[in-house]
Amino acid sequence: MLRCRKPLFIPKLTRIRTFRTSAVRKNAIFNPATVERAEDEVDVCIVGGGPAGLSAAIRLKQLEREKGNEIRVVVLEKGSEIGSHIVSGAVIEPRALNELLPDWSSMSDHPLTQPTTSSRMLFLTPKHAVPIPHPPQMGNKGNYVVSLSQFTRWLAGVAENEFGVEVYPGFAGAQLLLSEDADALDPWGNKVRSVQGVVTNEVGLTRKFHMKPSFEPGMAFRAKVTLLAEGAHGSLSKQAIGLYDLRKESQPQTYGIGLKEVWRVDPEKHKPGEVVHTIGWPLDMQTYGGGWVYHMNGGLVSLGLVIGLDYKNPWISPYRELQKMKHHPYFRSLLSSPKAERLSYAARVLNEGGLQSVPKLNFPGGALIGCSAGFVNIAKIKGTHNAMKSGMLAAEAAWDVVHPESESASDMSAYDSALHKSWIHTDLHEVRNLRASFGTRLGMLGGVLYSGIDSLFLKGRVPWTFKHHKPASSSGKESDFPTSSLDASLTQPASSHNPPVYPAFEAPLSTDLLTSVALTGTNHAEDQPVHLRVVRTARYVEEVVDKAKEGKGNVAVGAGLDAVRAEAEVLGCEKEAEAEEVREEVERRQAHVRVNVGEYAGLLGRACPAGVYEYVPDEEGGAKEGWDGKKLVINSQVCAFTLLLPISISFRCSSQNCIHCKLCDVKVPTQDITWTVPEGGGGPKYSEFFLTV
């Protein structure tokens with residue numbers, strides 16, 4: 001049932017956000033305490049339209065058919081269309097799909113048309129590609145090489161057309177909708193507020209948090225069960241993990257950054273179904289990672305490089321490493337034909353922590369599914385099968401708490417238990433020590449040796465489980481929130497390392513970063529609040545979640561001086577309190593520049609695979625805002641603040657380029673970038689070029 005707190009009218013819910021609940025006073029400051037939100041009541045709200053979320057939705061509607069009771073299922077997707085934020089080019093193990101849709105192969109429009117035909121591994125030196133045995137877990141018999149974006153679009157079509165799931169692209173889940181009072185127990189027995197749905201992002205705010213004439217408040221989806229399927233390091237998943245301390249009994253998550261390109265290659269060099277993985281060059285012996293080449297259908301090839309974000313050298317540029325890799329004779333031979341053409345570029349962080357990094361999966365009112373929890377089998381370099389299965393298991397638990405209906409907060413603990421009794425647990429348990437071994441005293445070479453022995457002979461049948469450790473020199477400051485990054489703490493000062501030497505670009509084989517970013521189709525609405533908040537997640541949650549209950553939280557925290565000042569004003573702060581909020585905003589940015597430039601040589605300027613962050617000399621010098629030459633200017637495209645080091649250094653953040661990879665949130669050494677969702681529909685459009693090929 002769709003309703004408003006002050007029902008001026010009842011808007012019809014459509015695929016495009018065209019509803020408004022009240023008139024907007026031109027250029028008024030946004031006040032979250034007085035906004036009138038449209039609300040919709042559903043049984044299950046799924047945040048994220050990827051394989052996990054869609055599998056959960058389909059399974060719920062299958063149970064509806066099997067058991068006869070109706071259930072309303074809504075899937076919210078922040079991308080402009082399903083698949084637009086899904087990085088293409090993957091090898092899928094169809095085990096979960098076989099369980100979910102046993103007759104999928106008889107569906108005429110399914111995209112799994114290219115079975116794998118061969119699988120091999122190469123050790124790269126600067127000039128040679130040496131064949132080596134690959135672990136048995138990397139065998140691909142019975143698997144398929146697909147565009148994951150196409151696969152997700154197809155799965156969404158099945159969910160909508162065959163099962164009646166409501167799928168709403170362009171709706172970005174911005175905040176968890178919490179109960180007014182502590183009405184439930186978290187997994188550890190503490191009295192807490194339960195999750196009762198999600199609120200989507202506001203649309204039509206300026207960067208200074210003023211309402212445009214087109215302003216539409218975010219919509220509240222009240223749900224009996226909320227499933228978070230946002231992918232790795234999702235913003236709401238991060239909040240839930242922190243609010244309910246879901247990592248209390250697990251290891252911290254560790255991540256890799258995957259950078260991909262899709263090429264159309266010379267037909268004479270295309271080998272449909274061939275799967276190739278590489279290790280070695282161009283990465284050094286202190287950096288975990290490897291590459292791949294997947295020969296897809298239609299003359300297309302997906303290639304790329306994964307780099308573990310626990311890398312120590314802050315001078316490394318993941319993007320430049322990928323471009324350098326393509327200069328190897330093996331890749332040059334594949335891509336240098338006049339008939340070869342690069343079609344797409346993408347990047348996204350992925351989970352690498354394994355079984356020991358899987359958090360508690362349930363919280364009061366909902367659960368984590370798919371890569372929001374972290375089910376990637378890093379030895380197989382696959383996670384779609386586990387993500388889909390987790391969604392199916394969560395759906396079965398959600399059905400049981402929706403029918404029969406209970407007045408208390410939905411208890412999804414049955415899902416956590418079921419998953420650890422399922423083949424997902426078995427799949428991850430066998431390989432739990434492989435990735436973790438590289439972070440032990442064995443070192444990189446020892447990790448390679450141990451992984452070979454374990455994968456070939458031991459197969460995980462050992463009484464120990466390696467842990468992911470922070471360095472002994474870690475200050476512990478990163479631990480102010482349960483989702484603070486292990487990978488960030490492992491970054492060493494720039495003075496301890498030398499910058500890698502990268503070759504000049506050789507277009508079209510390798511190109512500069514902005515040329516690649518243009519291939520992502522990325523776009524964000526002009527003049528909207530910056531979604532890359534310069535603030536620690538703990539403080540962000542305090543202002544946006546905890547204090548918001550009392551109408552005292554500054555929802556613009558981390559979004560810039562003008563935005564913070566405006567929200568302090570609308571909260572009715574005294575002048576001294578308003579000045580204090582602004583002063584804290586300035587100090588956060590000053591500290592960010594001082595540490596990240598002074599100790600880590602501006603790591604984000606090289607690490608970000610979309611050119612979002614720059615640290616550049618400020619030729620004008622001085623600063624009207626702040627002190628000691630520091631200033632901050634933020635709009636929807638560029639934010640800048642300056643620090644005199646002894647020379648003026650300006651930090652510019654072009655969030656218009658953001659491809660939603662989440663690297664900055666994971667890797668920034670100061671752990672003071674909190675990634676939040678921009679307006680729904682913004683970001684990359686990875687699926688776009690597949691509609692024309």
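**Close-up views of a predicted model**

**View 1. Helix H5 is a mostly covered helix.** In this predicted model, helix H5 spans residues 318-325, and 7 of its 8 residues are buried. Follow the helix from its start and you meet the buried Pro 318 and Tyr 319. The other buried residues are Glu 321, Leu 322, Gln 323, Lys 324 and Met 325. The list thus takes in Glu 321 and Lys 324 along with Leu 322 and Met 325.

**View 2. Cys 608 sits buried without a disulfide partner.** The structure holds 0 disulfides, and this close-up shows one cysteine to look at in that light. The closest cysteine sulfur to that of Cys 608 belongs to Cys 661, at 5.7 Å, which is too far for a bond. For comparison, a disulfide here needs the two sulfur atoms within 2.5 Å. Cys 608 has 7% relative accessibility, so this residue counts as buried.

**View 3. Cys 658 is another buried cysteine in no disulfide.** Here the nearest cysteine sulfur is that of Cys 664, 6.3 Å away, and Cys 658 is in no disulfide. With a relative accessibility of 6%, Cys 658 counts as buried.

**View 4. A nonpolar patch lies on the surface.** Four residues build this patch: Leu 449, Ile 453, Leu 456 and Phe 457. Together they offer about 420 Å² of accessible area. Take a moment with Leu 456, which is found in helix H10, residues 443-458. Leu 456 counts as partly exposed because its relative accessibility is 45%, and the partly exposed class lies between 20% and 50%.

Key
Residues numbered from 1 in each chain as written. Predicted model: local features only at pLDDT ≥ 70, side-chain atom pairs only at ≥ 80, totals over all residues. Heavy atoms only, no water. Buried < 20%, exposed > 50% of the residue type's maximum accessible area, 1.4 Å probe, protein only. Helix = DSSP H or I, 4+ residues; strand = E, 2+ residues; numbered from the N terminus. Patch = residues over 30% accessible without salt bridge, like charges linked within 9 Å, V, L, I, M, F, W, Y side chains within 5 Å. Areas by Shrake-Rupley, 256 points an atom, 1.4 Å probe, with all protein chains shown as cover. Salt bridge = Lys/Arg side-chain N within 4 Å of Asp/Glu carboxyl O.
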